[in-house]
Amino acid sequence: MSYILFGNKNTHTDYGLIVAPYEIPMPTAQTNFVPVPGRDGSLDLTEAFDAIRFNDRIILLTLYATGEYDARVSAFVNTVHGKRMQIVFSKDPNYYYTGRVDVTSISKRDGYCEIAVTITAEPFKMDKQETTVTVTGNGTAILRNARMPVVPFVSNTEQATLTFTASGNTVRLQMSPGGHLNSQMYLPGDETRSVAVESTGTTIFTFRKGRL
């Protein structure tokens, strides 16, 4: 039985709703084409600021309720309508989507009720599990990212020196004991970065991967 989790509520087990076949569309890229007089075609500035940016995903759903449905439909609508939530689809169970949920219509028929839902979701679906890379003492952390750019959170028990290459330049960061979110650690999408760690303690890199 196909189901959808809105937060921690299950459309099937909590509300007895039937999910009609649906599609999760790909987000469209935010393109920037500039026509230039005297030039064949337009100038593509889509990647002028490095990363490709994407528009929201608009996910359209139809749910059905049968039998004595009034109380169940009311509970569902009051739980989700207008709210920004994490959403998990049974067809894609290892990831969650984040978006604003709108119940756009409730149509009561003979013997059943049809509920139309629109989710305006962020473009990237997120791994349920965070990625953690741990280095004890001196060593090397290999950070493998997915499509969404991230800034890993770094926690270290002792003073640590991190050395890596970014955009062709060598970066050397001094990290005091504690937790750090440093913009110089910016990790572009689909990049694998090797970070040399010099420390007498434990250094942990934590980030959540986002995918299309």
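## A tour of the chain, from outline to Thr-118

Start with the whole chain in view: its radius of gyration is 23 Å, whereas a compact globule of 212 residues would come out near 17 Å. Keep in mind as you go that this is a predicted model.

Next, show the C-alpha atoms alone and turn them along the principal axes. They fill a box of roughly 70 × 60 × 25 Å.

Now switch to a cartoon and colour by secondary structure. You will find one helix, along with 19 strands. To see how the chain is tied together, display contacts between residues at least 6 apart in sequence: 69% of these join residues at least 24 apart.

Add a surface next. About 11,700 Å² of the chain is exposed, and carbon and sulfur atoms supply 48% of that area. Colouring by burial instead, you can pick out the buried residues, which make up 40% of the 212 in the chain.

For the charges, select the 20 positive and the 20 negative ones in turn. The mean positions of these two sets lie 3 Å apart.

For the last stop, select residues 112-121, which form strand 9, and zoom in on Thr-118 within it. Is Thr-118 buried or exposed? Thr-118 counts as buried because its relative accessible area is 18%, and the cut-off for buried is under 20%.

Finally, show what surrounds this residue. Leaving out residues up to four places away in sequence, Thr-118 touches Ile-58, Ile-59 and Leu-60, as well as Arg-100, Val-101, Asp-102 and Thr-104.

Technical notes. Residues numbered from 1 in each chain as written. Predicted model: local features only at pLDDT ≥ 70, side-chain atom pairs only at ≥ 80, totals over all residues. Heavy atoms only, no water. Helix = DSSP H or I, 4+ residues; strand = E, 2+ residues; numbered from the N terminus. Rg over C-alpha atoms; globule rule 2.2 N^0.38 Å. Buried < 20%, exposed > 50% of the residue type's maximum accessible area, 1.4 Å probe, protein only. Contact = heavy atoms within 4.5 Å. Areas by Shrake-Rupley, 256 points an atom, 1.4 Å probe, with all protein chains shown as cover. Lys, Arg positive; Asp, Glu negative; His and termini not counted. Charge placed at Lys NZ, Arg CZ, Asp CG, Glu CD.
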